[in-house]
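Q: Hi! I'm new to reading protein structures. Could you walk me through this one?
A: Happy to. Let's look at it together.
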Amino acid sequence: MTVHPQGPLWTGRASNRAQWLLAAAGAACLALGIELAVDAPWTSGVVPLLMSVIGCLAAGLLILYGTLAFVHVAVTVDAEAMVVRCGHMGLPRRRISLTEVTSAEFLPRITPQQWGGWGYRWRPEKGTAVIVRRGEGLELRLGDGKLFTVTVDDAENGVRVIRTHLRALAR
């Protein structure tokens with residue numbers, strides 16, 4: 001068993017209230033699907049109505065999950081790893097061992113446009129990211145050359161804590 005250095009624990013959070021509007025749109029699609037299933041006259045044919053109901057329900061559920069999963073993010077750093085939890089249920093979740101990290105950088109300005117939108121993102125030239133809002137964040141360079149970026153408040157202190165642990169692990 002490896003003994004890890006003791007040191008500061010850091011937690012950071014970020015949230016995006018604008019995504020609640022998208023969640024409301026998802027709930028509206030879901031409600032429309034239920035309304036069509038319950039109150040629609042079935043005289044126009046079963047197949048078109050069934051397709052409308054299934055389409056509304058599927059769209060509503062996808063929009064709801066996609067927005068509620070990324071309304072906020074919580075990041076925790078300890079002596080062993082950085083853990084990123086998204087949404088109210090903490091899913092998706094990513095744990096990155098600090099033994100896999102070669103460097104940590106503070107990024108003062110990250111925008112969803114840089115990553116193609118909000119959510120859990122992957123771009124071949126940039127790596128992986130969890131983007132819940134525009135603003136500051138941190139970027140980890142992993143031993144395999146890949147990058148992991150997350151938008152989070154107080155990212156500068158998070159980077160300091162990660163660098164402290166990386167120096168201790170290098171000894």
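Q: How much surface does the protein expose, and what share do carbon and sulfur atoms supply?
A: This is a predicted model, and in it the protein exposes about 9,600 Å². Carbon and sulfur atoms supply 61% of that area.

Q: And what share of the residues is buried?
A: Buried residues make up 40% of the 171 in the protein.

Q: OK, what about charges? How many positive and negative side chains are there?
A: There are 18 positive side chains and 13 negative ones. The centres of the two sets lie 4 Å apart.

Q: Switching topic: how many helices and strands does the protein have?
A: The protein has four helices and nine strands. Starting at the N terminus, the order is β-α-α-β-β-β-β-α-β-β-β-β-α.

Q: Is the whole thing compact or spread out?
A: The protein is more spread out than a compact globule, because its radius of gyration is 21 Å, well over the 16 Å that the globule rule gives for 171 residues. The C-alpha atoms fill a box of roughly 75 × 35 × 25 Å, taken along the principal axes.

Q: Let's zoom in. Is strand β3 mostly covered or exposed?
A: Strand β3, residues 81–86, is mostly covered, with five of its six residues buried.

Q: In what sense does β3 pair with β2?
A: β3 and strand β2 (residues 72–77) pair in the antiparallel sense, over five bridges. V75 stands opposite V84 in β3. A hairpin of three residues joins β2 to β3.

Q: And with β4, how many bridges does β3 have?
A: Five bridges link β3 to strand β4 (residues 93–97), again in the antiparallel sense. Here M82 stands opposite I96 in β4.

Q: What sits between β3 and β4?
A: Six residues lie between them in a hairpin, and G87 in the turn has a positive phi of about 70°.

Q: Where do side chains point in a strand, generally?
A: In a regular strand they alternate between the two faces of the sheet.

Q: One more: where is N157?
A: N157 lies in helix α4, which covers residues 155–170.

Q: Why does N157 count as partly exposed?
A: Its relative accessibility is 31%, so N157 counts as partly exposed; that class runs between the cut-offs of 20% for buried and 50% for exposed.

Q: How far is N157 from T11?
A: They are 146 residues apart along the chain, and their C-alpha atoms are separated by 9.5 Å.

Definitions and conventions
Residues are numbered from 1 along each chain as its sequence is written. This is a predicted model: local features need pLDDT of at least 70, side-chain atom pairs count only at pLDDT 80 or more; totals for chains, interfaces and linings use all residues. Side-chain values use heavy atoms; hydrogens and water are left out. Helices (H or I, at least four residues) and strands (E, at least two) are DSSP runs, numbered from the N terminus. The radius of gyration is taken over C-alpha atoms; the globule rule is 2.2 Å times the number of residues to the power 0.38. Buried means under 20% relative accessible area, exposed over 50%, partly exposed in between (1.4 Å probe, protein chains only). Accessible areas come from the Shrake-Rupley method with a 1.4 Å probe; for residues, only the protein chains shown count as cover. Lys and Arg count as positive and Asp and Glu as negative; His and the chain ends are not counted. The place of a charge is taken as NZ of Lys, CZ of Arg, CG of Asp or CD of Glu. Two strands pair if DSSP finds at least two bridges between them.
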